[in-house]
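Here's a quick tour for anyone meeting this structure for the first time. Have a look at the sequence and the model, then read on.

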Amino acid sequence: YGVGLGPGDPDLMTLRAQRLIAGASVVAYPALAGADSFARSIAVDVIPSSAREIVMDVPMSVERAPAQAAYDKGAVEIARALDAGDDVICLCEGDPFFYGSFMYLFARLSDRFDVEVVPGVTSITTCAARAGMPLAARNERLTVLPGPLPEEELRARIEGAESVAIMKVGRHLAKICGVIDALGLTDRAVYVERASLPEEVVLPLKEAP
């Protein structure tokens, strides 16, 4: 099971996600560069103390190969547990198929095993709710863009859009702000950080850190 956990607040996990995790004998999840796993921290109060945990240590690198190797290794461990007759609950922040890491495991395992994806609340819908800004209505189009896109591509795609959500902001914030400002849209943009968590920040974009 690839289980979406939502954006961070455990209250935003679905009932199905909680039931599956609470009954798990094996739980798998990614962790970045040896750090604590954010996915695990969302579900920590639901994971049974008896569950065996498979940690996929994903390096923090812009290169794809190290992360793909980590998913290769994780898929082997998960397959071993499945072959032994255990169900495996794989934890995924947000939704597994919306920029979710679980899609890489799905590609490696779904041709050999029964794999079910349990959707989760996305960060985009959470940010819209926390900012009080509807994303789209009637026949409007919503454009979702990753922050690492080149500046010119970001500009072109925002320019032709009706409603825009930009994800994976991080170190790209200055570039993104510059593009939005050049298009005269700063006063209509909102910055949201760590949506649904105690340290959440919601600000007009012009006041973003």
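G2 has its bridge partner in β4, and that partner is C90. Keep in mind that this is a predicted model. From here we can follow β4 to its neighbours, then move over to helix α1.

**Strands that pair with β4**
- β1 and β4 run parallel, and three bridges join them.
- β2, which spans residues 26-32, also pairs with β4 in the parallel sense, again over three bridges.
- C90 turns up here too: it's the bridge partner of A28 in β4.

**How covered is β4?**
- Is β4 mostly covered or mostly open? It's mostly covered, with five of its five residues buried.
- Neither face is left bare: V88, C90 and C92 are buried on one side, while I89 and L91 are buried on the other.

**Helix α1 and its two sides**
- α1 takes in residues 15-22, and its buried residues are A17, L20 and I21.
- Those three sit on the same side of α1, because they cover an arc of only 95° around the axis.
- As a rule of thumb, an α-helix has 3.6 residues a turn, so residues three or four places apart point the same way.
- Flip to the face turned away from that buried side and you'll find the exposed residues L15 and R19.

**What α1 packs against**
- Which elements do the buried residues of α1 pack against? On the strand side, they pack against β1 (2-4), β4 (88-92) and β5 (117-118).
- Helix α2 (38-43) is another packing partner of those buried residues.

Terms used
Residues are numbered from 1 along each chain as its sequence is written. This is a predicted model: local features need pLDDT of at least 70, side-chain atom pairs count only at pLDDT 80 or more; totals for chains, interfaces and linings use all residues. Side-chain values use heavy atoms; hydrogens and water are left out. Buried means under 20% relative accessible area, exposed over 50%, partly exposed in between (1.4 Å probe, protein chains only). Helices (H or I, at least four residues) and strands (E, at least two) are DSSP runs, numbered from the N terminus. The arc is that of the directions from the helix axis to the C-beta atoms. Contact means heavy atoms within 4.5 Å. Two strands pair if DSSP finds at least two bridges between them.
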